[in-house]
There are 4 protein chains.
Amino acid sequence: MSRRVLIDTDTAGDDTQAILLAALADSIELEALTIVAGNVEFDYEVENAKYTLDLADAADDVPVYEGSRRPLVKEFEHVDHVHGDGGLGGELYPDTDIPSADGHAVDKIVETVRESPGEVSLACIGPLTNVALAVRREPKLNDLLDEVWVMGGAVNTIGNDTPSAEFNFWVDPDAAKIVMEELDVNLVDWGLTLRQGAFDADELEPFEEADTPYADFFTTITRHAREFSKERLGVDSTTQPDSLAVACLLEPELVTEAETYFVDVDEREGMTRGYSLVDELGITDGEPRTRVVEAIDEDRFKQMFSDMLLHGDPERSL
Amino acid sequence: MSRRVLIDTDTAGDDTQAILLAALADSIELEALTIVAGNVEFDYEVENAKYTLDLADAADDVPVYEGSRRPLVKEFEHVDHVHGDGGLGGELYPDTDIPSADGHAVDKIVETVRESPGEVSLACIGPLTNVALAVRREPKLNDLLDEVWVMGGAVNTIGNDTPSAEFNFWVDPDAAKIVMEELDVNLVDWGLTLRQGAFDADELEPFEEADTPYADFFTTITRHAREFSKERLGVDSTTQPDSLAVACLLEPELVTEAETYFVDVDEREGMTRGYSLVDELGITDGEPRTRVVEAIDEDRFKQMFSDMLLHGDPERSL
Amino acid sequence: MSRRVLIDTDTAGDDTQAILLAALADSIELEALTIVAGNVEFDYEVENAKYTLDLADAADDVPVYEGSRRPLVKEFEHVDHVHGDGGLGGELYPDTDIPSADGHAVDKIVETVRESPGEVSLACIGPLTNVALAVRREPKLNDLLDEVWVMGGAVNTIGNDTPSAEFNFWVDPDAAKIVMEELDVNLVDWGLTLRQGAFDADELEPFEEADTPYADFFTTITRHAREFSKERLGVDSTTQPDSLAVACLLEPELVTEAETYFVDVDEREGMTRGYSLVDELGITDGEPRTRVVEAIDEDRFKQMFSDMLLHGDPERSL
Amino acid sequence: MSRRVLIDTDTAGDDTQAILLAALADSIELEALTIVAGNVEFDYEVENAKYTLDLADAADDVPVYEGSRRPLVKEFEHVDHVHGDGGLGGELYPDTDIPSADGHAVDKIVETVRESPGEVSLACIGPLTNVALAVRREPKLNDLLDEVWVMGGAVNTIGNDTPSAEFNFWVDPDAAKIVMEELDVNLVDWGLTLRQGAFDADELEPFEEADTPYADFFTTITRHAREFSKERLGVDSTTQPDSLAVACLLEPELVTEAETYFVDVDEREGMTRGYSLVDELGITDGEPRTRVVEAIDEDRFKQMFSDMLLHGDPERSL
Ligand SMILES: [Ca+2]
Ligand SMILES: [Ca+2]
Ligand SMILES: [Ca+2]
Ligand SMILES: [Ca+2]
């Protein structure tokens, strides 16, 4: 029996690959996408999600629920400069005509887990506004969920949005704080992404040369991000944080090292907005609760990714 | 035609009188009570609300919806020491057997205003968690509401919970910030309450001597609060902030002075958590939006209050 | 024997009158002025101070020490828009050729009190940077001083620089926090100034009509401030916070009501920078230490002020 | 001609080795030590410093000036649990009878650089209170100094005092912020220390077996720290951040990689007190000013250290 999964996403470049991974994997039943404010203008995110589902031939089966169009408390800014205008590289602006599902994303999350307690997992690959609202709407959310995977935070390393913070946590630090406090999270952070979730020019070449729709799509959406990476980091590469998180959910054996730590989020405005405190040394009084993925089987992850792009089946070599 | 009103309340002492005011006034149709975390333990608040409705013979007509059992982001503490244990003076613990309505308070607020755009007013006499969640759930909430009245804040004066903050804003400063930013609020603050919404021993004597169920109830719920006032402020008096707010909604002519100012709320932890910045001098760049009640017709308010307690009809002398 | 006093000042309009008060009073021996960053550009402040001493024929006896040209930690802004460009109304830019004394203001404060323990009082009528540095340089400063008078803070009322803060505390909130924590302060705040330290048009008329150098100077320096008051507060008046503080030091019987409270200062950036928490109700755990002046004999203060301007002798009617 | 150096230190374990390094090197003329609140009780720090100078036969030539006994603004706590009670391992409590020099540490720093502009370097191996006070006392301090070396901060890595902060920056974050803003700092951080400034059991063995006074002293002072490291980090090792900083000052060729970045310090209380923002990617608008040492010639550093302990001459192999 395949595992049931909800993906909460601010769909831009890397989110699309995570959605494809879930939509194309046999062992996962993707229940729905819920959209949250983050990477780019909300309406682009919604279209990006639908277009991606359509590409995977899953648009009929997987409804898209629109959720929070802004963070819980704070103001925020989009990052079109990272993903390209519109979020898919700057030249692709889908217009699918696929209708959104009726109802609010937060209600969908709450109702789904209430109907099937313990059976549905949540993959959170955007800011955590929807999920935090779901927790406040249903205080027992943690007990009702199977697994929770979050892409977010920068574990004792430099962030990607500010020096102190990763983007998802920065956008809605209040929501991130709530989620880390209330849910048993498996965390895939920006540091792990840089260490093991990046594809360099050599690794990207086969995808560029391939002539499959998934590989073409990937090449399109990463073009701008590679340029951005060259400018900022000085390397021609692209990172895939969101598919890394979904891949770990999909294939638990990917995770080779993980520890459970106390994690807190700085929700204050100022230089450390969205900072993720991860008490790796047990210095604070905080209770360890968050399982932080510290290393993965990188070869296997990249094999899954390649199998997805070239063969439409991420589980082909598992 | 009577005006439709929802009251969002953390029902303890002064909330009960506000509820009575609305339940007993002919010109208001009290649609529902929604309960929010605040004064005392949540389950006490729910029972206190039901008991009050029952006293007004309104329990069959006015459903009680349970809402947020904690603030949006921050931790908080109850204030049984102000209102007496349980919130009704310390000796009364209702057990009404009246069932709560199905559904969550936040959904009730959202659904009610969606069904009747512009027709329903909201009286917020507790921390603003439910209302903030409703705003995030329905971004057009402001347009969908008729009037919004909030009891909260301390307008450039000392607070009642900390020197810098009034209780409702202190409990959930994030929610208060959201509400002041997103809704066109009529604000009744703690300062106005102290100036014109307090009853001293002389004014209370007729209620103590009266032999009506409402007056008896009032004497019961204020006993502890009067002791608390004696200790903290050195005066034997009781303040009625919540009924002051509902009375202003009920009878617009009560308001003799009001100005519209920019209001912001400090949502940070620390010495100014819940501080209400009210820019009375127009020093900041903030856009004036909140109508702050600065003076009322105190005699008329107290007449309404007396008519309610002694005759069960707050509008008797209007 | 006259009492020895140091005045620490960010000399603009109202500071000049406080300096005159001390320089012209027989019962005070003004030891020195120390200049601190605040109202206007530092070099203007220095010249303003020297010019004022010269007007009082005291420039030979009272040395001027230059001190901190910026706050301890934070950035700040001048308020020429309040006092007029340069700080003396906008048309007077003294150039006295009087040299500053050798040495730093902080050293002067520390050395003076070390040489005469318990004999020298400090009147602080600017931001508290110099004084805070003196405390850190000499931890026993409190024991070494006679009295400390501070003009600063807004006691549970609206501020004059931001809605939450008075100017002196706003400029250097870290210093204000240090001073309130480490010294036994007599506090004259902005609220008292508004209630009892303001002169309206009627009260100012005799000074305008008088033909004395002090009255002329006063008319010059208040012209801009009166315009500013008209614009912001809608009243033609001028406030004299600094001379109010020095007058209280000079004539203790001016103070008719004073209470000792716990006072803290918010040193954080943000909407409450420089906020003065004054725990008038004893709600917090803070130890009461600061003597807050709550009421003065206003007639007597204004008589002193008038005697100073018209007769050059503030103590004439005492 | 040897270079003139002032060391500002909160003398406990690792500070002593830094002092020895400077006192025993021919190419450095150690002008004075200035003591600042930090590791352990202030009076222990003073004695520890004197004892160390005495061991190097330098007590007659190098005066010890006592400075700030507490941070600029915030409260702090000692870390005897790291260095052992008293700061030298827990069993050594020097009582040297050497008098402290007359005058305050801050004055000594200011006067020294004023007398010899551009000729004296400053090695800061404790919290930065004294140095910040010197900057505020002499705004041109940066121009008057030759080099400034600071041991402090945790450059995009976990801290040693809290997860977000290194000890020196945590103790006095306001001072650290001031120093990073006002001086051209060469920064040796906790991350570099962990990567290249730690000695493991194998490396320590020769020092334990040696029979020299310096090696004996080193063994004494590191005993407790090695235990602490075993408990917290799970490795038997000792870190030498302070001597790493002084060694880099002493021998510039130690530094093999260094970049100039914008560095800021979080001075707020809360989870990120003392956090060092280091903008390695140039994301912020901050002007790069701080030269961050990113790699050293570790072999050479350890050779210097060994030459010091075994032969009393850190420059023996240079
Ligand atoms: Ca994403
Ligand atoms: Ca209430
Ligand atoms: Ca002043
Ligand atoms: Ca040190």
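**Entry 1: polar contacts, A and D**

I began with polar contacts between chain A and chain D, and I count 5 residue pairs, both partners at pLDDT 80 or more. A reminder to myself: this is a predicted model. Next I looked up which elements of chain A give two or more residues to the side that touches chain D, and I noted helix H11 (213-233), strand S10 (263-265) and strand S11 (276-278). I then sorted that side of chain A by residue type and got 10 nonpolar, 9 polar and 9 charged residues.

**Entry 2: salt bridges, A and D**

How many salt bridges cross the interface of chain A and chain D? I find 0 by the rule.

**Entry 3: extent of the A and D contact**

I looked up the residues in contact and found 28 from chain A and 28 from chain D. The two chains bury about 2,100 Å² between them, and 69% of that area lies on carbon and sulfur atoms. Which three residues of chain A supply more of its buried area against chain D than any other three? They are Pro163(A), Met271(A) and Leu281(A), and I have them down for 30% of what chain A buries there.

**Entry 4: extent of the B and A contact**

I turned to the other interface, where 17 residues of chain B meet 17 residues of chain A. Here the buried area comes to about 1,500 Å², with 51% given by carbon and sulfur atoms. On the chain B side, I see that Val73(B), Arg136(B) and Arg137(B) lose the most area to chain A, and together they make up 38% of what that side buries.

**Entry 5: charges and polar pairs, B and A**

How many salt bridges does the rule find between chain B and chain A? I get 6. One that I looked up in detail joins Asp107(B) to Arg137(A), and the closest N and O atoms of this pair are 2.3 Å apart. I also count 6 residue pairs in polar contact across the interface of chain B and chain A, both residues at pLDDT 80 or more.

Where does the chain B side come from? Helix H5 (129-137) and helix H8 (173-182) of chain B each give at least two residues to the side that touches chain A. H8(B) has the largest share, with 5 residues. Sorting this side of chain B by type, I wrote down 5 nonpolar residues, 1 polar residue and 11 charged residues.

**Entry 6: for the bench**

If you are following along on screen, Asp107(B) and Arg137(A) are a handy salt bridge to find in the B and A interface. For the A and D interface, I would pull up Pro163(A), Met271(A) and Leu281(A).

Key: Residues numbered from 1 in each chain as written. Chains lettered and ligands numbered in written order. Predicted model: local features only at pLDDT ≥ 70, side-chain atom pairs only at ≥ 80, totals over all residues. Heavy atoms only, no water. Contact = heavy atoms within 4.5 Å. Buried area = accessible area lost by both parts, 1.4 Å probe. Salt bridge = Lys/Arg side-chain N within 4 Å of Asp/Glu carboxyl O. Polar contact = N/O pair within 3.5 Å; in protein donor to acceptor, adjacent residues only side chain to side chain. Helix = DSSP H or I, 4+ residues; strand = E, 2+ residues; numbered from the N terminus. Nonpolar A, V, L, I, M, F, W, Y, C, P; charged D, E, K, R; others polar.
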